[in-house]
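Here are some notes to read beside the sequence and the structure. Each numbered point takes up one part of the chain, and it may help to find the residues on screen as you go.

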Amino acid sequence: MKEQWKEIKGNREIYEVSSLGNVRTKDREGARGHHVKGHILTQRNNSNGYLRCDINITGKTKSHLVHRLVAEKFIPNPDNKPFVNHIDGNKHNNSVNNLEWCTRNENERHAWKTGLKHDIATKGELHGMHKLSKKDVEYIRKHHVRNGGNMKTGELARNFNVNPQTI
């Protein structure tokens, strides 16, 4: 696929986005009349792993998601769907062939279907904020008075350095 470029409307129309997911400034005349050569903008990950770049469209520099810029310029959206899905699940593949407009529900179903989202990753020791290991939980269940053991909630909480509500 040959890379195509489309202008991003806004402040001075100096930005373009490509069908392959690149964003650049155009060659232009600078403030003092000298020639300014256009260049490809640096893209960085946002907190969710999507690529973004900083551009000044409205007179103020703002971070823009690259996949949304590509979709807005290259993919028709007759149903006015609000989300852009990465078909292959790769958040860095912002080629127009890898993007599609979708609803929140369609996006969620795609993530589950392709394994990008799975329940197991949010439970137990795999959860980023877990306090107890599986072995700890087994010990607590075995020794808690409610299950025939000899230790109360407060004592178990102190032993494992957690809030009694965690027990």
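1. In this predicted model, three strands make up an open sheet, in the order β6-β7-β8 and with antiparallel pairing. The strands at the edges are β6, covering 44-45, and β8, covering 61-65, and each of these pairs on one side only.

2. Begin with the pairing of β6 and β7, where β7 covers residues 51-56 and the two strands run antiparallel over two bridges. Arg44 stands opposite Arg52 in β7, while Asn45 has Leu51 of β7 as its bridge partner. The two strands form a hairpin with five residues between them, and in its turn Gly49 has a positive phi of about 90 degrees.

3. On to β7 and β8, which are also antiparallel and are joined over five bridges. One pair to look for is Asp54 with its bridge partner Ser63 in β8. This hairpin has four residues between the strands, and here Gly59 takes a positive phi near 105 degrees. As a general point for reading such strands, side chains in a regular strand alternate between the two faces of the sheet.

4. Helix α1, made of residues 66-74, lies across β7 and β8, and its direction is at about 75 degrees to that of β8. Lys73 is found in this helix, and it counts as partly exposed because its relative accessibility is 28%, which falls between the limits of 20% and 50%. Leaving aside neighbours within four places in sequence, Lys73 is in contact with Lys6, Glu7, Ile8, Lys9 and Val17. The C-alpha atoms of Lys73 and Gly10 are separated by 13 Å, although these residues are 63 residues apart along the chain.

5. Which residues touch the most other members of the largest nonpolar core? They are Ile8, Val23 and Ile55, in a core that has 20 residues. Two or more residues each are given to this core by β2 (15-18), β7, α1 and β10 (99-102), and the largest share, five residues, comes from α1.

6. Ile55 deserves a separate look, since its contacts can be followed one by one on screen. Not counting residues up to four places away in sequence, Ile55 touches Ile8, Tyr15, Val23, Leu41, Lys60, Thr61, Lys62, His64 and Leu69. Apart from the largest core lies another core, which has six residues, including Ile140, Met151, Leu156 and Ala157.

7. Are Cys53 and Cys102 buried or exposed? Cys53 counts as buried because its relative accessibility is 0%, and the limit for that word is under 20%. Cys102 counts as buried as well, because its value is 3%. The structure holds zero disulfides.

8. A last residue to inspect is Asn85, which is found in strand β9, residues 83-86. With a relative accessibility of 4%, Asn85 counts as buried. The side chain of Asn85 makes a polar contact, at 3.2 Å, with the side chain of His110. When neighbours within four places in sequence are left aside, Asn85 is in contact with Asn98, Leu99, Glu100, Cys102, Asn107 and His110, so that Cys102, which counts as buried at 3% relative accessibility, comes into view again here.

Key:
Residues numbered from 1 in each chain as written. Predicted model: local features only at pLDDT ≥ 70, side-chain atom pairs only at ≥ 80, totals over all residues. Heavy atoms only, no water. Pairing = 2+ DSSP bridges. Contact = heavy atoms within 4.5 Å. Axes fitted to C-alpha atoms, helices over the stretch in contact; angles between N-to-C directions. Core = buried A, V, L, I, M, F, W, Y, C linked by side-chain atoms within 4.5 Å. Buried < 20%, exposed > 50% of the residue type's maximum accessible area, 1.4 Å probe, protein only. Disulfide = S-S within 2.5 Å. Polar contact = N/O pair within 3.5 Å; in protein donor to acceptor, adjacent residues only side chain to side chain.
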